[in-house]
Amino acid sequence: MSRRGSVWLVALLLGCGPKIESQTFAEFPALPSDQEIQVFPEDLPECPYEQVGIIASESVEATKKRASEMGAHAVIGTALAKARPTDPRKNICGTRKCVQYNTVAIRFTDPECMH
């Protein structure tokens, strides 16, 4: 395959991956890939924490992966919300049903809470 063909293939595959957006409030090193990210869909954690950033994604797994990359130990408020289309003319938002998970990535300030 030519170099030009390889570039198009990579672009095509990246375009098919999960859509995810995030904004970071605080900089932390990424967590090890095997560290479990806790999910608090409704209740707030009892341990003290600080907000790392916000994440909007089309899947919980993609959300957890981005949280880990941001150095967060958990995400809270995993609400499934209707997303606005990225292209209103085509009514496309990047997900099958035009929905997304909206979360806040957090980092525990007490090391005992990371388990």
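A salt bridge here is a side-chain nitrogen of Lys or Arg within 4 Å of a carboxyl oxygen of Asp or Glu. Keep that cut-off handy for the exercises below, and bear in mind that the model is predicted.

**Exercise 1. Salt bridges along a helix**

Find out how many salt bridges the chain has, and work out which of them sit in helix H2.

Solution.
- Step 1: The count comes to 4 salt bridges.
- Step 2: Start with Glu 61 and Lys 64, whose closest N and O atoms are 3.9 Å apart. The cut-off is 4 Å, so this pair makes the list as a salt bridge.
- Step 3: Place that pair: Glu 61 and Lys 64 both belong to helix H2 and are 3 residues apart, about one turn of the helix.
- Step 4: Move on to Glu 69, which meets Lys 65 in a salt bridge at 2.9 Å, N to O. Those two are also both in helix H2, this time 4 residues apart, again about one turn.
- Step 5: Glu 69 also has a salt bridge with Arg 66, at 3.2 Å from N to O. Arg 66 and Glu 69 are 3 residues apart in H2.
- Step 6: Now look for links between bridges. Glu 36, Glu 61 and Lys 64 are joined in a network of salt bridges.

**Exercise 2. Buried or exposed?**

Sort the charged residues of these helix bridges: is each one buried, partly exposed or exposed?

Solution. The cut-offs do the sorting: under 20% relative accessible area is buried, over 50% is exposed, and partly exposed is in between.
- Glu 61 has 56%, so it is exposed.
- Its partner Lys 64 has 15%, so Lys 64 is buried.
- Lys 65 has 54% and therefore counts as exposed.
- Glu 69 comes out at 41%, so it is partly exposed.
- Arg 66 has 24%, which means partly exposed too.

Lys 64 has company: Ala 62, Thr 63, Ala 67 and Ser 68 are buried residues of H2 (residues 60-69) as well. Just past the helix comes Gly 71, with a positive phi near 85°.

**Exercise 3. Classify a ring pair**

Search the whole structure for aromatic pairs and say what kind of geometry turns up.

Solution.
- Step 1: The search gives 1 aromatic pair.
- Step 2: The partners are Phe 40 and Phe 108, with ring centres 6.4 Å apart and planes at 80°, so the pair is edge-to-face.
- Step 3: Check the sequence positions. Phe 40 is in strand S2 (residues 38-40) and Phe 108 in strand S5 (residues 99-108), so to speak a long-distance pairing: the two are 68 residues apart and the pair links distant parts of the chain.
- Step 4: Check the accessibility. Phe 40 has 18% and therefore counts as buried; Phe 108 has 5%, so it is buried too.

**Exercise 4. Two cores**

Which residues make up the largest nonpolar core, and what does a second core include?

Solution.
- Step 1: The largest one has 9 residues: Leu 31, Ile 37, Val 52, Ile 55, Ala 67, Met 70, Ala 72, Val 75 and Ala 105.
- Step 2: Zoom in on Leu 31. Setting aside neighbours within four places in sequence, its contacts are Ile 37, Ser 68, Gly 71, Ala 72, His 73 and Arg 107.
- Step 3: A second, separate core has 6 residues, including Ile 76, Ile 106, Phe 108 and Cys 113.
- Step 4: Follow Cys 113, found in the segment after S5. With 9% relative accessible area, Cys 113 is buried. Beyond four places in sequence, Cys 113 touches Gln 38, Cys 47 and Phe 108.

**Exercise 5. A serine in a strand**

Where is Ser 57, and what does Ser 57 touch?

Solution.
- Step 1: Ser 57 belongs to strand S3 (residues 49-57).
- Step 2: Its relative accessible area is 2%, so Ser 57 is buried.
- Step 3: The Ser 57 side chain reaches the backbone oxygen of Ser 59 at 2.9 Å.
- Step 4: Leaving out residues up to four places away, Ser 57 touches Lys 19, Ile 20, Ala 62, Thr 63, Gln 100 and Tyr 101.

Key:
Residues numbered from 1 in each chain as written. Predicted model: local features only at pLDDT ≥ 70, side-chain atom pairs only at ≥ 80, totals over all residues. Heavy atoms only, no water. Phe/Tyr/Trp six-rings, centres within 6.5 Å; stacked < 30°, edge-to-face > 60°. Buried < 20%, exposed > 50% of the residue type's maximum accessible area, 1.4 Å probe, protein only. Contact = heavy atoms within 4.5 Å. Core = buried A, V, L, I, M, F, W, Y, C linked by side-chain atoms within 4.5 Å. Polar contact = N/O pair within 3.5 Å; in protein donor to acceptor, adjacent residues only side chain to side chain.
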